[in-house]
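The following exercises are meant to be worked through with the sequence and the coordinates side by side. Each task is followed by a solution that goes step by step.

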Amino acid sequence: MLKHPSYEPELGLGASTNSPLDFSAVDVRLPMLVYISREKSPSCDHQKKAGAMNVQLRVSALLTNAPFIINFDGDHYVNNSKAFRAGICFMLDRREGDNTAFVQFPQRFDDVDPTDRYCNHNRVFFDATLLGLNGIQGPSYVGTGCMFRRVALYGVDPPRWRPDDVKIVDSSTKFGSSASFISSILPAADQERSIMSPPALEESVMADLAHVMTCAYEDGTEWGSDVGWVYNIATEDVVTGFRLHRNGWRSMYCRMEPDAFAGTAPINLTERLYQILRWSGGSLEMFFSRNCPLLAGRRLHPMQRIAYANMTAYPVSSVFLVFYLLFPVIWIFRGQFYIQKPFPTYVLYLVIVIALTELIGMVEIKWAGLTLLDWIRNEQFYIIGATAVYPTAVFHIVLKLFGLKGVSFKLTAKQVASSTSDKFAELYAVQWAPMLIPTMVVIAVNVCAIGASIGKAIVGGWSLMQMADAGLGLVFNAWILVLIYPFALGMIGRWSKRPYILFILFVIAFILIALVDIAIQAMRSGFVRFHFKSSGGATF
Ligand SMILES: O=c1ccn([C@@H]2O[C@H](COP(=O)(O)OP(=O)(O)O[C@H]3O[C@H](CO)[C@@H](O)[C@H](O)[C@H]3O)[C@@H](O)[C@H]2O)c(=O)[nH]1
Ligand SMILES: [Mn+2]
């Protein structure tokens, strides 16, 4: 803090008997590290991560006023030191550099099981969706592993949309009352190709720092709305990135080998579902707020607008999907198909559309360098989320729209300690939550449908047409079970160490239900009742 680092390396000592390591060719200086913690007080909301980031933003403005900032979650670390240079290259690029607000690196995780059962890696989202957005206005901000341009976070327009005579500090209350902070803004906008010396550590500087760290500092300012990280939303990341895109900035996605950064992921099914709940609830909050992508001005690229609409409104699709997945109920009870038989040309169109969608999916996977397993996990977790989590998120937003408090989201709990003997102990832990019920019902309904159709087929009396219908129905039921398979594995806990047990359980369930169905049919036709009556008078 006292002296800006020079370019001259300071080499360490050579090897000796006391210290066997040779540092004679190593620059042994440590970079300046300043630990800060914002003020927390019962009288004001600390605004979680967004609040912490905004304090960092102000404090660092007074310390170094560095034009570029990189941010990580508490559970992430630097894996490849070259990432910093890569980010800066995008920022200083001649073509679009000046209009680039942030460079987003993918999130990578160390603690995930080899088959990525709960789709923690989210490869399709990172390596296909975010990479694809590079072709429009750039990836969304995902909260960690992201390099920012400082002035973009201040709500300043990108050069492309900024007239030369614009006043960057256009309102006296926008940034709060610190004169030192306000006077740091213009240099931050100018110094992007030079460096500035940090201030000497004097008492006045310390007083300024303490002032910008208080939680009352932001009262009556635009911090948390138009300046810095956005407040009052479960997913501050997507909305903070969105505000930058809406102002006309672009962003860049940067994937490198070895991975730039890495961190920890929740590997317990319930924790993972809570994480998805926070994301989907936050997304809907954004869609139904003044930060709705459909309300943005013309600086947001039309395709980027569609991408954001999809990224925020997606949980609504679950309402239709859950009904669809429960359709077999009608069939089990009535033994009839109520879905209208479509006419052949319509079926032809349907088949073509479905085939093309799958083909495009396949091409995207190949283009992004992903595997079939990454793709399947993605599909599976969409259905699992849509049954277990998204309905709760929709419920949350309905409560909110009626002015009620909504569902409360919790932070993602991480694996505590991994002993080498049982590395994925967490993976097999079953943790009860009401959220698990809807998906369990969907599994039960589809298992019953398969069992019942076996029963009906055995009793016989089916025409060829009925056989064909039931066959199609079975494909539907089986496909749903394939998609929900990781969830079912999660429910059997430690048994899922041997996944074939699940198949055995399914087969037993099918046979039992087939027998029950045969019994019920026999009862209906009077056979069982007759049998029981003659042998002792049991009544039903
Ligand atoms: O009061 C708080 C709470 C959280 N954090 C930070 O926020 C991070 C995100 O929380 P975490 O529990 O790790 O959630 P994840 O689901 O792993 O996080 C993803 O989703 C969040 C949005 O829901 C983003 O903020 C994260 O960047 C993104 O990695 C943590 O690591 C902390 O560094 C704080 O600084 N202060
Ligand atoms: Mn995290």
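**Exercise 1.** Is Lys48 buried or exposed, and what is its relative accessible area?

*Solution.* Bear in mind throughout that the model is a predicted one. Begin with the location: Lys48 belongs to helix α1, which spans residues 48–63. Next take the accessibility, for which the cut-off is that exposed means over 50% relative accessible area. Lys48 has a relative accessible area of 58%, and therefore counts as exposed. Finally, turn to the record, where the unreviewed UniProt entry places a "binding site" annotation on Lys48.

**Exercise 2.** Determine where Lys49 and Asp73, both listed by UniProt for "binding site", are placed, and describe how they are related in space.

*Solution.* Step one is the annotation itself, which comes from an unreviewed UniProt entry and lists Lys49 and Asp73. Although these positions are spread over 25 residues of sequence, they cluster in space, with a largest C-alpha distance of 8.7 Å.

Step two assigns the elements: Lys49 lies in helix α1, whereas Asp73 is placed in the loop between β1 (68–71) and β2 (76–78).

Step three concerns accessibility, where Lys49 is partly exposed with a relative accessible area of 24%, and Asp73 is partly exposed with a relative accessible area of 23%.

Step four looks at the contacts, leaving aside neighbours up to four places away in sequence. On this basis Lys49 is in contact with Asn71, Asp73, Tyr141, Gly143 and Glu236, while Asp73 touches Lys49, Gly143 and Thr144. The link between the two annotated residues can be made more specific, since the side chain of Asp73 makes a polar contact with the side chain of Lys49 at 3.0 Å.

**Exercise 3.** Which residues come nearest to ligand 1, and how is the shell around ligand 1 made up by class?

*Solution.* First, pick out the nearest neighbours: of the 21 residues around ligand 1, those that come nearest are Lys49, Asp73, Gly74, Glu236 and Arg278.

Second, examine the distances between polar atoms. An oxygen atom of ligand 1 lies 2.6 Å from a backbone N or O atom of Gly74. For Glu236, an N or O atom in the side chain is 2.6 Å from an oxygen atom of ligand 1, and for Gln107, an N or O atom in the side chain is 3.2 Å from an oxygen atom of ligand 1.

Third, consider the burial of the ligand, which taken alone exposes 670 Å², with 84% of that buried by the protein.

Fourth, trace the shell to its elements: α1, α7 and α8 (269–287) each give two or more residues, and the largest share, three residues, comes from α8. By class, the shell has four nonpolar, eight polar and nine charged residues.

**Exercise 4.** Where is Thr214 found, and which residues does Thr214 touch beyond those up to four places away in sequence?

*Solution.* Thr214 sits in the loop between α6 (203–213) and α7 (236–246), and it is partly exposed, with a relative accessible area of 27%. Not counting residues up to four places away in sequence, Thr214 touches Glu39 and Arg58. A further distance can be read between Thr214 and Ser41, which are 173 residues apart along the chain and whose C-alpha atoms are separated by 9.3 Å.

**Exercise 5.** Account for the classification of Asp127 and identify its side-chain partner, then examine the annotated spans 346–369 and 432–455.

*Solution.* Asp127 is found in helix α3, residues 123–133. Its relative accessibility is 3%, so Asp127 counts as buried, the cut-off for buried being under 20%. The side chain of Asp127 makes a polar contact of 2.8 Å with the side chain of Arg255. Apart from residues up to four places away in sequence, Asp127 touches Arg108, Tyr253, Arg255, Trp367, Ala368 and Leu370.

For the spans, the unreviewed UniProt entry annotates several stretches as "transmembrane region", including residues 346–369 and 432–455. Residues 346–369 are 92% helix and 0% strand, with end C-alpha atoms 35 Å apart, and residues 432–455 are 83% helix and 0% strand, with end C-alpha atoms 33 Å apart.

Methods: Residues are numbered from 1 along each chain as its sequence is written. Chains are lettered from A and ligands numbered from 1 in the order in which they are written. This is a predicted model: local features need pLDDT of at least 70, side-chain atom pairs count only at pLDDT 80 or more; totals for chains, interfaces and linings use all residues. Side-chain values use heavy atoms; hydrogens and water are left out. UniProt positions are given in the numbering used here, feature names are shortened, and annotations may be inferred rather than shown by experiment. Helices (H or I, at least four residues) and strands (E, at least two) are DSSP runs, numbered from the N terminus. Buried means under 20% relative accessible area, exposed over 50%, partly exposed in between (1.4 Å probe, protein chains only). Contact means heavy atoms within 4.5 Å. A polar contact is a pair of N or O atoms within 3.5 Å; within protein, one must be able to donate a hydrogen and the other to accept it, and residues adjacent in sequence count only if both atoms are side-chain atoms. A residue is near a molecule or strand if one of its heavy atoms lies within 4 Å of it. Accessible areas come from the Shrake-Rupley method with a 1.4 Å probe; for residues, only the protein chains shown count as cover. Ala, Val, Leu, Ile, Met, Phe, Trp, Tyr, Cys and Pro count as nonpolar, Asp, Glu, Lys and Arg as charged, and the others, Gly among them, as polar.
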